[in-house]
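Thanks for coming, everyone. Let me put the model on the screen, and we will walk through it.

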Amino acid sequence: GGQAYCPECRCFKSSLMDLSSGKLNANFPTYGLCYRHNCYQEDYLQFAIESQLGRATKWYKCPPGGGKLYIAGFTGAFHCPNATRFCQFEEITGIRYTESSPFWEWVFWSIVLGLPLITMLICLFPCLRRWAVGRFKKWCGVNHFNRRGHLDLDAEVDSDEEEEMPPALPAKILKAANIFVFCSMVLIFFLVIAGFAESRGSVAGAFLIVMTLTVMGFSYLGFRAGQKPSVGTSCVAVSYLYVLFFGCLGFGFAVLFSVFYPETVAQSLDRQWPVIVDTLPDGLVDSQLVPKGGVPDDALKEHAGPAAGMALAITIVLAAQMWAIIKIVTWPVIFATLYTILNYVVIVFGIMFWGAAGYLNRFRAEGFETAGAMGLFVVLGGYLLVAGSYSIFAIFKKTPGHLFCALIFAGTLVCLTLGVGLAMFSASRNISATLDRLSDDQVAATAKILGLEEGTRTDVENGVRSNLRTVGVAGFVILIMTCMLTVSANYVLGKVRNHFEHPKARRETELTHV
């Protein structure tokens, strides 16, 4: 798995097998497989793993003395040779590609997969569940307001309120939609089990089972959100709100990606289709997505109608659920949690912008005019860290002065994000002119930084444009996020001002504590 065929590729011992291929051999046999390499120094060897999506590559460093490396997303291991002995027969490039760390990749996926498991374990024990729910409501902003929009100055657990049932109509819609989703996942689950019964099981089938069970779990969560009485705002409803919110974002991204990059989607489907067919019972679907002599793009166009119909059906189900869960959670709680959680995300984006500035520095060394963009990324990253931290402090202080300053921070973030987008647009327009000023050696060096097989100016130009396009998409996401943050900050500020400026609102808030 992860192989490439190019002039810079060499034969390495490897038992890597792409998990998405659906193939698994418990003996993990070792083969001589082809991978791109780079000798940065005489004792510094890098190798590249081809991404499972497209031509992008991820570079890893071999230990100087050699040894096995285990890559996330693959079974088996890559067998690194002794770096000094290997590189004495290769060209020393002096170019160090941006590396991925196998350790941190495994940490990341362990957190992503481990948090749901830890959450389920906590829910099994009532004492832990009560403690976890209380902390969740406090630190995620659930208790800043109650369902009637009254301010809670302490944001503590609302144990003095009486249990309330969710509104009738939204609850019915939420339960009906999640019953439909649950039954659909049960059907897929048993189809995969039938495939296993015919000895057609694979790693892909196991992943499909895990996926269906996960969606079934989320559907049960949504069903409970429409059924469960709660003290104050239900933690189950808030959790499902954000599961649904991020699910809608992911679905929207997938749809937009399919519309703007159909070739990539078609190639990925063509590669994965045999795995999908082998997972299901024999004869259930056609064994070939692309007819003989055809191309993946033609198959995608042929099935565009059913795909659009399915996307529309999913959109309707998601939209109905989003309306229902908003009615159950209520806008005051949504804005307060949105404000709090988005500020945590702002801090994370600040760190990411500093990393992006370091990435741009590599292009500056090859003659690209990236100093302005680097400076902007450094300033924006620092500003995001300060703004996010201060805004979280402000929402827990709940004073108009602090929240007004946080609103200024949020509004300024919108302007800064627009500035980054304009800078990326300007840089993308000037790529051709910049490349014309570079020598052939500089172009070749830039091609190596990008991990391209060829060093032509056209390849480099396309590679740089692709990276800028990725940054542009990230900037668009951040722009939407900062706009939502500004709106939620303004809403929270208005509620707090209303509390302090109107005695009636203040008395209603005080009564909630009696």
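Which residues form a nonpolar patch on the surface? They are F108, W109, V112 and L113, and together they have about 420 Å² of accessible area. Keep in mind that this is a predicted model.

Take L113 from that patch. L113 sits in helix α2, which covers residues 102-123. Its relative accessibility is 62%, so L113 counts as exposed, the cut-off being over 50%.

Now the overall picture. The protein has 514 residues, and 38% of them count as buried. Its secondary structure comes to 16 helices and ten strands. About 27,500 Å² is exposed, with carbon and sulfur atoms supplying 67% of that area. On contacts, look at pairs of residues at least 6 apart in sequence: 70% of those contacts join residues at least 24 apart.

Next, the charged pairs. How many salt bridges does the structure hold? Three. I will take them one by one.

Start with R10 and E90. Their side chains meet in a salt bridge at 3.0 Å, N to O. R10 belongs to strand β1, residues 9-14, while E90 is in the loop between α1 (83-87) and α2, so this pair ties together parts that are 80 residues apart in sequence. Buried or exposed, where does E90 fall? E90 is buried, with a relative accessible area of 19%. The cut-off for buried is under 20%. R10 is partly exposed, at 27%.

Second pair: K58 and E105. Here the side chains meet at 2.6 Å, N to O, again in a salt bridge. K58 is in strand β5, residues 57-61, and E105 is in helix α2, so the bridge ties together parts that are 47 residues apart in sequence. E105 counts as buried because its relative accessibility is 12%. K58, at 36%, counts as partly exposed. Remember that helix α2 also holds L113 from the patch.

Last pair: R96 and E99. The side chains of R96 and E99 form a salt bridge at 3.3 Å, N to O. What about their exposure? R96 has 32% relative accessibility and counts as partly exposed. E99 has 25% and also counts as partly exposed.

To recap helix α2: L113 lies there, and E105 of the K58 bridge lies there as well. L113 is exposed, whereas E105 is buried.

That is my tour. Over to you for discussion.

Methods. Residues are numbered from 1 along each chain as its sequence is written. Side-chain values use heavy atoms; hydrogens and water are left out. Patches are made of residues with over 30% relative accessible area and no salt bridge: like charges are joined within 9 Å, nonpolar side chains (Val, Leu, Ile, Met, Phe, Trp, Tyr) within 5 Å. Accessible areas come from the Shrake-Rupley method with a 1.4 Å probe; for residues, only the protein chains shown count as cover. A salt bridge is a side-chain nitrogen of Lys or Arg within 4 Å of a carboxyl oxygen of Asp or Glu. Helices (H or I, at least four residues) and strands (E, at least two) are DSSP runs, numbered from the N terminus. Buried means under 20% relative accessible area, exposed over 50%, partly exposed in between (1.4 Å probe, protein chains only). Contact means heavy atoms within 4.5 Å.
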